[in-house]
Amino acid sequence: MLKGQYFMLTSRSCLRVTLALFTLFHGVLAWPHGYGDGYLFLRPLGEQLHVRIELPLSSLAAAVGTSPNIDQVDAHLDQYLAYIQEHLGLEQNQTALLLRPNWHGTVRVNTGSFLSVAFEPLPLVQPADALEIRYSLFFAQDSAHRGVLLVQPPEAVERNSELGQVRLIFSPERTRQTLDLYNGPELDYDIKRGGGGGVKALGLVAAAILACALLAFVLGYLWAWSQPRTRAQT
């Protein structure tokens with residue numbers, strides 16, 4: 001009887017500690033939030049600027065109150081576009097450059113589904129060394145979100161090309177920044193969308209669960225052993 005009670009106590013203790021440790025680990029993993037970044041691609045070509053934005057579908061759906069189902073993107077497209085145009089802006093010489101969507105699609109990567117929107121090419125006045133960029137997407141709902149601006153080379157003509165240099169990072173404290181299309185420094189920032197990220201993440205989670213389970217067993221064993229026990233009456 002004593003052995004059965006001791007086993008049940010140890011099992012319950014292990015379960016409690018495992019759940020607590022896994023919750024803590026999950027929160028630590030989510031803290032950097034790089035997997036929820038948005039991406040703004042600018043490709044200068046002569047006197048035109050090609051603009052494309054890719055945003056996490058889950059963040060868009062949360063921002064406008066719709067379903068994140070990838071099959072319902074077209075049904076909510078007008079809401080998504082209105083939200084994007086409200087929170088994204090480009091200016092040159094204090095003149096707003098009007099963003100007119102001319103294509104959209106969905107992109108599936110290791111970190112989830114993205115809505116990709118391309119705009120009509122914008123006219124550029126040369127030299128294009130003082131573009132004012134405003135990016136305030138999702139910051140009201142998620143202060144950990146980051147907007148990543150990449151300047152692409154002329155040869156990056158594929159619809160969803162990710163070639164380019166990271167030149168600006170937008171955050172709640174930096175929603176307006178000035179960009180020099182041709183002479184700015186490249187930033188060291190991992191866009192975290194490729195290279196088997198999903199497989200690596202699954203491996204990390206599996207390792208974390210195993211570590212939590214082992215630690216929970218040891219802690220549960222010690223906790224149960226420290227509890228007062230009484231011998232069953234016969």
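Let's start at the hairpin of β3 and β4. Two residues sit between its strands, and N93 there takes a positive phi near 55°. One caution before I go on: this is a predicted model.

So, the strands on either side of that turn. β3 covers residues 88-92, and β4 covers residues 95-97. They pair in the antiparallel sense, over three bridges. Q92 stands opposite T95 in β4. β3 also pairs with β8, residues 131-135. That pairing is antiparallel too, with five bridges. Within it, E91 has E132 as its bridge partner. How many of the five residues of β3 are buried? Four of the five, and the strand is mostly covered.

Keep Q92 in view, and look across to A128. A128 lies in the loop between β7, residues 122-123, and β8. Along the chain, A128 and Q92 are 36 residues apart. Their C-alpha atoms are separated by 7.8 Å. The two residues touch. A128 also touches D180, L181 and Y182, if we leave out residues up to four places away in sequence. Is A128 buried or exposed? A128 counts as buried because its relative accessibility is 0%, and the cut-off for buried is under 20%.

Next, β9, residues 147-151. Five of its five residues are buried. In a regular strand, side chains alternate between the two faces of the sheet. Which residues of β9 are covered on each side? On one side, G147, L149 and V151 are buried. On the other, V148 and L150 are buried. Both faces are covered, then.

β9 has partners as well. It pairs with β1 in the parallel sense, over five bridges. In that pairing, Y39 has V148 as its bridge partner. β9 also pairs with β10, residues 165-170, in the antiparallel sense. Again there are five bridges. L150 stands opposite V166 in β10.

Now the packing. The largest nonpolar core has 38 residues. Which residues have the most contacts inside it? They are L42, I53 and I133. Helix α3, residues 77-87, gives the largest share of this core, with five residues. Take I53 and set aside residues up to four places away in sequence. Its contacts include Y39, L40, I84 and L88. They also include L115, S116, V117 and F119, as well as Y135 and L137. There is a second, separate core of eight residues. Among its members are F41, V107, V148 and I169. We met V148 a moment ago, as a buried residue of β9.

On to helix α2, residues 57-64. Its buried residues are L57, S59, L60 and A61. What covers them? The cover includes β2, α3 and β6. Just after the helix, G65 takes a positive phi of about 80°.

Follow the chain into the loop between α2 and α3, and you find H76. Why does H76 count as buried? Because its relative accessible area is 15%, and the cut-off is under 20%. Leaving aside neighbours within four places in sequence, H76 is in contact with T66 and S67.

Now for empty space. The second largest pocket holds about 220 Å³. It is lined by 14 residues. Which lie nearest its centre? R43, H50, R52, A118 and R159. Three elements give two or more residues to this lining: β1 (38-45), β2 (48-56) and β6 (112-119). β2 gives the largest share, with three residues. As for character, the lining divides into seven nonpolar, three polar and four charged residues.

Last, the overall picture. The protein has four helices and 11 strands. It has 234 residues, and 35% of them count as buried. Take the contacts between residues at least 6 apart in sequence. Of those, 66% join residues at least 24 apart. A128 and Q92 are one such pair, touching while 36 residues apart along the chain.

Notes: Residues numbered from 1 in each chain as written. Predicted model: local features only at pLDDT ≥ 70, side-chain atom pairs only at ≥ 80, totals over all residues. Heavy atoms only, no water. Buried < 20%, exposed > 50% of the residue type's maximum accessible area, 1.4 Å probe, protein only. Pairing = 2+ DSSP bridges. 1 Å grid on protein atoms, 1.4 Å probe; cavity = no way out; pocket = protein on both sides within 12 Å on 5 of 7 lines; lining within 4 Å. Points joined across faces, edges and corners; volume = space filled by probe spheres on them. Nonpolar A, V, L, I, M, F, W, Y, C, P; charged D, E, K, R; others polar. Core = buried A, V, L, I, M, F, W, Y, C linked by side-chain atoms within 4.5 Å. Contact = heavy atoms within 4.5 Å.
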